[in-house]
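Visitor: I am new to this structure, and I would like a close look at a single part of it. Could you take me through the sheet slowly, and then show me what else there is to see?

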Amino acid sequence: MRHGKTINHLGRTASHRNAMLSNMASSLILHKRITTTVAKAKALRKFVEPLLTKSKNDTTHSRRLVFSELGNKDVLKELFGTISAKIAGRPGGYTRIIKLSATRLGDNAEMCIIELVDFNDTLLEAKNAGEAKASTTRRSRRGGSKKASEGETSAEVVAEAKPAKKAKAATTEVSAPEDTATETLKDGETREEKAAE
């Protein structure tokens, strides 16, 4: 049983695991997106999200705390420069894990992409386009007329809409064609013989 074991050790010693997560966090901060296994991505998310939160407060103390975890000045400059400016309004949830359908060839491990949410341009453009479309076009579910926008009350619009539906139903009724007279054929007689008579 694994009660209370919240940390995935990833088959490594503590020092190896911390070094690996530090290197992965540095790569994620520099490149904004990395491909790794799902287990490592989930461990990395727990490791890097507190660092991103600390980068919002640009003080010497927070820089030293983050540097003690990462140990790379270039990464620190990128984190406290461009990344902290973009994530300033986000209250957590700075990373996104996207699972890939293909597994790793050697050991069939589930692969994924872990990325910084605010740096995925295609999803941000799609979201902004969706918000713009939702704010510009507002359609109601009812089939109200254009007069409703000119100042009529909804009761007047509903009163006008009901007779229109009845009239529409009346015009769609189609009478059946009249029956044509048919003659029955005698035993063994064909239609051509009957027409010849």
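Guide: The model shown here is predicted, and in it three strands form an open sheet in the order β1-β3-β2, with antiparallel pairing. The edges are taken by β1, residues 33-37, and β2, residues 95-103, and each of these has a single partner strand, so one side of each is left without a neighbour in the sheet. From one strand to the next, the twist averages 25°.

It helps to know that strands of a sheet pair through backbone hydrogen bonds, either parallel or antiparallel. Here β2 pairs with β3, which covers residues 110-116, in the antiparallel sense over six bridges. Two positions let you follow this pairing by eye: Thr 95 stands opposite Leu 116 in β3, while Lys 99 stands opposite Cys 112 in β3. The hairpin of β2 and β3 has six residues between the strands, and in this hairpin Asn 108 takes a positive phi near 60°.

Next, look for Phe 119, whose ring has the charged end of Lys 32 sitting over it, 5.2 Å from its centre. Lys 86 also lies over the face of Phe 119, and there the distance from the ring centre is 4.6 Å. As for rings paired with other rings, a search of the whole structure finds zero aromatic pairs.

Finally, you can turn to the second largest pocket, which has a volume of about 200 Å³. Both α1 (14-31) and α2 (38-55) supply at least two residues of its lining, and α2 gives the most, with five residues. Among the residues that line this pocket are Thr 6, Ile 7, Asn 8, Arg 17, Leu 21, Lys 42 and Phe 47. Sorted by class, the lining of the second largest pocket has five nonpolar, three polar and three charged residues.

Conventions:
Residues numbered from 1 in each chain as written. Predicted model: local features only at pLDDT ≥ 70, side-chain atom pairs only at ≥ 80, totals over all residues. Heavy atoms only, no water. 1 Å grid on protein atoms, 1.4 Å probe; cavity = no way out; pocket = protein on both sides within 12 Å on 5 of 7 lines; lining within 4 Å. Points joined across faces, edges and corners; volume = space filled by probe spheres on them. Helix = DSSP H or I, 4+ residues; strand = E, 2+ residues; numbered from the N terminus. Nonpolar A, V, L, I, M, F, W, Y, C, P; charged D, E, K, R; others polar. Phe/Tyr/Trp six-rings, centres within 6.5 Å; stacked < 30°, edge-to-face > 60°. Lys NZ or Arg CZ within 6 Å of the ring centre and 35° of its normal. Pairing = 2+ DSSP bridges. Axes fitted to C-alpha atoms, helices over the stretch in contact; angles between N-to-C directions.
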